[in-house]
Amino acid sequence: MPSHQRFIDTCLDSYWSAPAVARMKAEGPGSRWAAELRRLSENESVAPLRRLLTEVADDGLRTLEPISRFVDGDAAQITGRHYVRASEFGVGQLRRSPSTAYVITLACVLGWAFSIGDRLTGQRDGMPDFGWAHLPHAYARAALKVGDVLGAQRIVDTAYNTLMAAKYHDNPDLIAGIVRYRSLASVIGRRLTQVIDNLADDLLRSTLHAHLLALMWTLGFVPEAESLRRSGQPPSRPMLRTLIRLSMDRIPQDPLLQYVWLEMKDKPSLDLRGHHFFHLINRRYDQYLADVLWPTIPSRVYARTLVGWMDGSLERDDLTAYLDTLGLIREFEEVRRDMPGSSDWSVYMRATSLAYLLAGEHDLFAAGPAEQLEGWRGLLSQATRMRGRHHLNPGRPDLGGTLNYPLFHLIEHDPIRERIVNDLESYRAAAMTLPLAVTPPAEPAEAGSDFERQLDRERTLIRWLKGAYFLINFGFLPQHFRRYTALSIDSPPQLDLETGLRDYLEVERLLGELYEQMSTVAPDYADRRKNPAASVETITRALKQHRQQAF
């Protein structure tokens, strides 16, 4: 997605989810805010936006059609200076009428962004468009006022990064804009901390112990959840704050986590609707197409089954229904990559892990203990592979502990301890796939000329691998990485994820072939490159060396 479109979508987030905006839509064109907007549209400061503001008031903000007509027509005819003047007028209404201030600043920032288009994040003579110093700042203040704390934070982060990407930092307007954004970021940070603390306190006072453990389990805090499940103690306040922060990051891509939160929204002991966080939970993201298309919503079945397991109320019929749903999840996983949606393989991993645990507790496995362990080992093998490829998926939240379930189970139940250590090291090394690939081990003391040529070839390929990884992440890096991008040459390089991913996989293939060739001249070196994870033998040998040095 182009960077200017991502910014526009971020600006529209508050329209879809902010609590005050939802109330504005419900009140409609006959509301007090709509009447006030019609009155303010007569002011000379917003003259270029007069027709748009009147149409929005008549529509009651229930649709985006007035704004769509505006950005397709008049928006490009209005200068940046006029947008800045109108947005400053809108900010002036924040105390008296936050609703109208929101509409005016939204119209200004969208009109400005659409009028510039794909040049929005670019530079002219080493400077970003001067509107960055004013328009997103005004809109972020209004978004914060109507309750979209996270949206305001993302807008400020984008604008600040864009200004910091300027080649020349001696422009007074630029310096003033950077100072304003730093100040507003501090305000938003304090507000966000307050929002999180308020929700954490209410969760701690609630009776939703099983739901909180389900959150912990879904986010990968498996040992912690199991410990609290056995003791009956609630999660600590710092843990709750961690769960909330992680949920804010992951919910747009994680349907399982969202549905666990949704199970809490109408519980008597918690007024979740009264929290700013609620609009993030209650929004439709369509992360997982199976939840949209099927009569039975798999993520909801998962959430209710997990909560029932945590509070001990899970019946045999509930388990049977869950296992039936798991069959559908497995079928969908085969086609998920070709479907719209932002969910990842961890949905399948967590759903399957829960099924394995419940089937084991209720003696539903047809296979014996050894075969069950092999099933868990198969899951761990898949998790290790996925963990080793996650760095090729920029823009997605960190998987965190959402793949840890089979590892924790095997640590407790696999009787062969040496195998557990090897599996643990393979899993750990998978998270460092790129650092291990670009960091060669120590070379043999005596190396022949063939090996030296192979090492030169490896160094060349590693440089290529680093460049490909940079291309994969280029679209998600801060704007200052584009500070010196050459836009005037006849054939600009393809700085995109697809090109980087293609090159990365090709270099991986070439490195694999090279290490096979190395096996004949430097087998130890080649083996360490092909299998970088430490084994029990290498760990033991290293520990013995330390002991010898100590004495």
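These are my notebook entries on what I looked up in this predicted model.

**Entry 1: the nonpolar cores**

I began with the inside of the protein. The largest nonpolar core has 145 residues. Which residues have the most contacts inside it? I found Y102, W112, W217 and W261. I then looked up which helix gives the most to this core, and it is helix 7, residues 98–116, with twelve residues.

Apart from this core lies another one, of 20 residues. I noted I462, L465, I472 and Y515 among its members.

Next I picked W217 and listed its neighbours, leaving out residues up to four places away in sequence. W217 touches V222, A225, Y302, L306, W309, M310, R350, S353, L354, L357 and Y405. I like how this list includes R350 and S353 as well as residues such as L354 and L357.

**Entry 2: one helix, two sides**

I turned to helix 2, residues 19–27, and asked which of its residues are buried. My list reads A20, V21, M24 and K25. Why do they sit on the same side of helix 2? They cover an arc of only 145° around the axis, so they share one side. A reminder to myself: an α-helix has 3.6 residues a turn, so residues three or four places apart point the same way.

On the other side of helix 2, I found R23 and A26 exposed. After helix 2 comes G28, and its phi is positive, near 75°.

**Entry 3: salt bridges**

How many salt bridges does the structure hold? The count is 32. I looked at three pairs and then a network.

My first pair was R284 and D286, whose side chains meet with N and O 3.4 Å apart. Is R284 buried or exposed? R284 counts as exposed, because its relative accessibility is 63% and the cut-off is over 50%. Its partner D286 has 36% and counts as partly exposed.

My second pair was R336 and E333, with their closest N and O atoms 3.0 Å apart. Here R336 is buried, with a relative accessible area of 11%. E333 also counts as buried, because its 15% falls under the 20% cut-off.

My third pair was R377 and E374, which form a salt bridge at 4.0 Å, N to O. How far apart are they along helix 20? They are three residues apart in this helix, residues 369–387, so about one helical turn separates them. R377 is partly exposed at 22% relative accessible area, and E374 is partly exposed at 45%.

Last in this entry comes the network: salt bridges link D197, D201, R237 and R241.

**Entry 4: an empty space inside**

I finished by looking for cavities. Rolling a probe the size of a water molecule over the atoms shows where empty space is left. How many cavities of 30 Å³ or more does the structure hold? There is one. The largest cavity has a volume of about 60 Å³.

Which residues line the largest cavity? I wrote down G147, V149, L150, L192, V195, M248, H276, F277, H279 and L280. I also checked which helices supply at least two residues of this lining each. They include helix 9 (149–164), helix 10 (172–205) and helix 15 (278–281).

Key:
Residues numbered from 1 in each chain as written. Predicted model: local features only at pLDDT ≥ 70, side-chain atom pairs only at ≥ 80, totals over all residues. Heavy atoms only, no water. Core = buried A, V, L, I, M, F, W, Y, C linked by side-chain atoms within 4.5 Å. Buried < 20%, exposed > 50% of the residue type's maximum accessible area, 1.4 Å probe, protein only. Helix = DSSP H or I, 4+ residues; strand = E, 2+ residues; numbered from the N terminus. Contact = heavy atoms within 4.5 Å. Arc of directions from axis to C-beta. 1 Å grid on protein atoms, 1.4 Å probe; cavity = no way out; pocket = protein on both sides within 12 Å on 5 of 7 lines; lining within 4 Å. Points joined across faces, edges and corners; volume = space filled by probe spheres on them.
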